Amino acid sequence: MFTKGPSPASKATLLILLLLALLLIDRYTEWLEPVKSELGELAVPFYWLTDLPARLNESAQDGLRSRDELQQENAALRGELLVLKRKLQQMASLAAENVRLRQLLNSADLIEDRVLVAELIGVSPDPQSHVVVVNKGVSDGVYVGQPLLDANGLMGQVVSVTPSSSRVMLITDPTHALPVQVNRNGVRAIAEGVGDLYKLKLRHVSGTVDIRAGDLLVSSGLGSRFPVGYPVAEVSSVTMQPGQPFADVIAVPRAQLNRSRHVLLVFDRETERATRQGE
């Protein structure tokens, strides 16, 4: 009258077989992925509850942190901020230098003569002497009298050389003068330095000469020192004083004499040819 159910051993065996079947199905198929996803969602609250004591402990420690620790942390953060700002300034300087080099390379494309890129490494401490030092010398083929340019115009000429550096007198030095001509009409004049980086003065310009503010002055090539056609300055004012035979003509150098760092040394073709013939 009483039916006898399966024995406990049979139930355990059946359960083990069922577990093995589930493991094999999970190992080699994706049939159980939806079920596993649902079970994972249901397990989230349990994870949150088990992590709750640790978070409460961390919150309590933050609340009990001393004022000294906060001040030390604040000081450390301010130090890191200063370091990052310094790096940012260096990046800005590198970006500006990149722009200047691009301008310099573009100007080099317009020059037919051979050029050598140099870098300013020194400036004369005497305010009355407008002389700079560049990092190219005899070993690079630099010679006395060689013109120096920046991306905007003529800067000066080499006055002495060493094996690895050269001294260059700027066109604004009080003892420097160079022949120029008005690019508009070819009128010739002599541009003298007056000891001001932003000013050149034209010598002995008659009041009847056709020259006016805004005219571009370029090297005339006379004197065989500077090649013809390089921008030198722009006329800023022409003043005729009553009773004076000559006009006061002031010009502003085109080169950025107190800003340019990377410059061009120009090799004159005639000079190079004469040097080769001498060898």
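Here is a walk through this structure, from the whole chain down to a few single residues. Keep in mind as you look around that the model is predicted.

Let's start with the big picture. The chain has 279 residues, and 27% of them count as buried. Its secondary structure comes to four helices and 12 strands. If you take the contacts in the chain with a separation of 6 or more, 56% of them are between residues 24 or more positions apart. As for the outside, the chain exposes about 18800 Å², and 58% of that area is supplied by carbon and sulfur atoms.

Now for the charged side chains. By the rule used here, there are five salt bridges to find. A good place to begin is Glu119, which pairs up with Arg261; their closest N and O atoms are 2.6 Å apart. This pair ties together distant parts of the chain: Glu119 belongs to strand 1 (residues 114-123), while Arg261 lies in the loop between strand 11 (246-253) and strand 12 (262-267), and the two are 142 residues apart. Are these two partners tucked away or out in the open? Glu119 has a relative accessibility of 21%, so it counts as partly exposed. Arg261 comes in at 37%, so it is partly exposed as well.

Next, look at Arg203 and Glu192, a salt bridge whose closest N and O atoms are 2.3 Å apart. This bridge also links distant parts of the chain, with Arg203 in strand 8 (residues 200-206) and Glu192 in strand 7 (residues 188-193), 11 residues apart. Arg203 is partly exposed because its relative accessibility is 36%, and Glu192 is partly exposed because its value is 23%.

There is also a spot where salt bridges join up. Arg184, Asp210, Arg212 and Asp215 are linked in a network of them. Within that group, the side chains of Asp210 and Arg212 meet at 3.8 Å, N to O. With a relative accessible area of 40%, Asp210 is partly exposed, and Arg212, at 46%, is partly exposed too.

Rings get a brief stop on this tour. The structure holds one aromatic pair. Elsewhere you can pick out a charge sitting over a ring: the charged end of Arg27 lies over the ring of Tyr28, 5.2 Å from its centre.

Two histidines round things off. His176 is in the loop between strand 5 (166-170) and strand 6 (177-182). Is His176 buried or exposed? Its relative accessibility is 3%, and the cut-off for buried is under 20%, so His176 counts as buried. What surrounds His176 there? Setting aside neighbours within four places in sequence, His176 is in contact with Gln157, Met169, Leu170, Ile171, Ala191, Glu192, Gly193 and Phe226. You have already met one of these, Glu192, as the salt-bridge partner of Arg203. Another, Gln157, makes a polar contact with His176, side chain to side chain, at 2.9 Å.

The other histidine is His204, which is found in strand 8, the strand that also holds Arg203. What is the phi angle of His204? It is near 55°, a positive value in a residue other than glycine. At 58% relative accessibility, His204 is above the 50% cut-off, so it counts as exposed.

Conventions: Residues are numbered from 1 along each chain as its sequence is written. This is a predicted model: local features need pLDDT of at least 70, side-chain atom pairs count only at pLDDT 80 or more; totals for chains, interfaces and linings use all residues. Side-chain values use heavy atoms; hydrogens and water are left out. Rings of Phe, Tyr and Trp (its six-membered ring) pair if their centres lie within 6.5 Å; planes under 30 degrees apart count as stacked, over 60 as edge-to-face and the rest as tilted. A charge sits over a ring if NZ of Lys or CZ of Arg is within 6 Å of the ring centre and within 35 degrees of the ring normal. A salt bridge is a side-chain nitrogen of Lys or Arg within 4 Å of a carboxyl oxygen of Asp or Glu. Buried means under 20% relative accessible area, exposed over 50%, partly exposed in between (1.4 Å probe, protein chains only). Contact means heavy atoms within 4.5 Å. Accessible areas come from the Shrake-Rupley method with a 1.4 Å probe; for residues, only the protein chains shown count as cover. A polar contact is a pair of N or O atoms within 3.5 Å; within protein, one must be able to donate a hydrogen and the other to accept it, and residues adjacent in sequence count only if both atoms are side-chain atoms.
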